Amino acid sequence: MSANIMKITLRTAVWALVLICAVNCTKSPFTTVKDGQFYRYGKPITFIGTNFWYGPILASEGRGADLQRLEMELDTLHALGIDNLRVLVGGDGPDGVFSRVDPSLQTAPGVYNDTLLRGLDRFLVELGKRDMQAVLYVNNSWEWSGGYGQYLEWATGEKALIPLIDGYWPFMQQMRKFQTSAPAQELYFQHLRNIVGRTNSITGKPYRDDPAIFAWQLGNEPRCFSDEEEIRDGFIGWMTEAARIVKELDPNHLLSTGNEGLMGCEQDSTLLERVNTIPGIDYMTIHIWPYNWGWVSAGSLREDLESAMHNTGEYIRFHAALGRRLGLPVVAEEFGFPRDGFQSSQDSSTSARDTYYAFVFDKVGSELQGANFWGWSGFAEPLHEQWQEGDPYTGDPAQEAQGLNGVYIWDTTVDIIKESIIN
């Protein structure tokens, strides 16, 4: 074969591979990351999404189920252009625990409420119908879905503390024990294997093959709750093992930690970098809570707003710079701001929140690749300020005042969201 013919043949083969890759990338409904940018259907994407933690419960057929409401909420969100939903896989522990998600998915180690498992399956089916995607988180450092505390209780017999009853400081001191408890971590790992390795009972499709999943997430706001090196090493250790398990079972989907960023790493930038260089982590997450972090006070939300936005801008800027250095997209996947006057009533106004939301949304496409506000309450009409069994679910979980941070369909905040998505 002559040199010229060999060159032509090689050139043809290369172009064939390029074309095959282009066609496959264009058609792929899975989200991927390349050079710090999300891609889907072969195109770079950014998004404005929301937190919709209770979606799988609505999709079930047992207590709390409301398929009609689920379809209405998803249709509304999709029409608004909100197609990325951050969702709790399900609660851990027995039902009927104060300030926890109810009903619970995993009622004992490896024992599941099959109705809720099928609800998770149906939820993914409903997302798929609308070409929407979910970030699914499988653990929690906080009490409202069981999480750390429930795994510790199962493994050691030490009863999990409840912050609203026992206080936040004793609670956080107890939660640090999870970082070095091999038995508690193994219970979590097994749950992770069961969920990530699941096959949808409705479609027969393994979860790993379902493009309705945007990403898996190791937990909601995983923290180590300690300055001690041994505990920090344990914190990184269990997340590293969890990431390995997820990627082994499902190489098709993205993976994130669910960490809050610097505030979730004891404000230690070295620990933050360790969290975001765990093998298998595809993008960086940050959470922003101006009221919880003392940037605004309940009695002066409007007066403190400028300071809150300044601090928020600095927080985003810091993490965006780290994301660029590490080659990771950055998503503000959880942020919230109270209703005016720190009121929980659905009739209260949201002018300060609207201004704050617009400020965060304006960062999407530059410093952020995505932003999911907390959280979607949609058409819910709460019956009590503190959630009780039988009440409709809102964006505010059971430990929070119902309506304080949630966004209802009639809030003026929805107009801000629409404008931000259009622009």
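For the residue classes used below, Ala, Val, Leu, Ile, Met, Phe, Trp, Tyr, Cys and Pro count as nonpolar, Asp, Glu, Lys and Arg as charged, and the others, Gly among them, as polar. Keep in mind as you work that this is a predicted model.

**Exercise 1. Describe the second largest pocket: its volume, its central residues and the classes in its lining.**

Step 1. Start with the space itself: the volume of this pocket is about 280 Å³.

Step 2. Now find the centre. Arg40, Ile45, Thr46, Phe47 and Asp83 lie nearest to it, out of 13 lining residues.

Step 3. Sort the lining by class, and you get 6 nonpolar, 4 polar and 3 charged residues.

**Exercise 2. Do the same for the largest pocket, beginning with its volume.**

Step 1. The largest pocket holds about 690 Å³ of space.

Step 2. Its lining is made of 23 residues, and the closest to the centre are Trp142, Tyr168, Asn292, Gln399 and Glu400.

Step 3. The class count for this lining comes to 13 nonpolar, 4 polar and 6 charged residues.

**Exercise 3. Find how many cavities of 30 Å³ or more the structure holds, then compare the linings of the largest and the second largest.**

Step 1. The count is 3 cavities of 30 Å³ or more.

Step 2. The largest cavity has about 80 Å³ of space. Among the residues lining the largest cavity are Trp53, Pro56, Ile57, Leu88 and Val89, together with Gly90 and Gly91.

Step 3. That lining has 9 nonpolar and 2 polar residues, with no charged ones.

Step 4. The second largest cavity offers about 40 Å³. Its lining includes Arg100, Ser141, Trp142, Glu143 and Met175. Here the classes are 6 nonpolar, 3 polar and 2 charged.

Step 5. Look back at one name: Trp142 lines this second largest cavity, and Trp142 is also listed among the residues closest to the centre of the largest pocket.

**Exercise 4. Place Met172 in its helix and name its contacts beyond its neighbours within four places in sequence.**

Step 1. Met172 belongs to helix α7, which spans residues 168-175.

Step 2. With those sequence neighbours set aside, Met172 is in contact with Trp142 and Phe225.

Step 3. Check the second partner along the chain and in space: Met172 and Phe225 are 53 residues apart in sequence, while their C-alpha atoms are separated by 6.2 Å.

**Exercise 5. Is helix α8 roughly parallel or roughly antiparallel to helix α9? Work from the crossing angle.**

Step 1. The axes of α8 (residues 182-196) and α9 (residues 229-249) come within 10 Å and cross at roughly 20 degrees.

Step 2. Angles under 35 degrees count as roughly parallel, so α8 is roughly parallel to α9.

Step 3. The crossing is right-handed. On the α8 side, the contact residues include Tyr188, Phe189 and Leu192, and on the α9 side they include Trp238, Ile245 and Leu249.

Step 4. By class, this contact has 9 nonpolar, 2 polar and 2 charged residues.

**Exercise 6. Repeat the analysis for helices α10 and α11.**

Step 1. For α10 (residues 269-276) and α11 (residues 305-326), the axes come within 12 Å, with a crossing angle of roughly 45 degrees.

Step 2. Because of that angle, α10 is oblique to α11.

Step 3. This crossing too is right-handed. Ser269, Leu272, Glu273 and Asn276 of α10 meet Phe318, His319, Leu322, Arg325 and Leu326 of α11.

Step 4. The tally is 4 nonpolar, 3 polar and 2 charged residues.

How values were computed. Residues are numbered from 1 along each chain as its sequence is written. This is a predicted model: local features need pLDDT of at least 70, side-chain atom pairs count only at pLDDT 80 or more; totals for chains, interfaces and linings use all residues. Side-chain values use heavy atoms; hydrogens and water are left out. On a 1 Å grid over the protein atoms alone, a cavity is a set of points where a 1.4 Å probe fits but cannot get out, and a pocket is an open set with protein on both sides within 12 Å along at least five of seven lines; lining residues have an atom within 4 Å of a point. Grid points are joined across faces, edges and corners, and a volume is the space filled by probe spheres set on the points. Axes are lines fitted to C-alpha atoms, for helices over the stretch in contact, and angles run from 0 to 180 degrees between N-to-C directions. Helices (H or I, at least four residues) and strands (E, at least two) are DSSP runs, numbered from the N terminus. Angles under 35 degrees count as roughly parallel, over 145 as roughly antiparallel, 65 to 115 as roughly perpendicular and the rest as oblique. A crossing is left-handed if the near helix is turned anticlockwise from the far one by less than a right angle, and right-handed if clockwise. Contact means heavy atoms within 4.5 Å.
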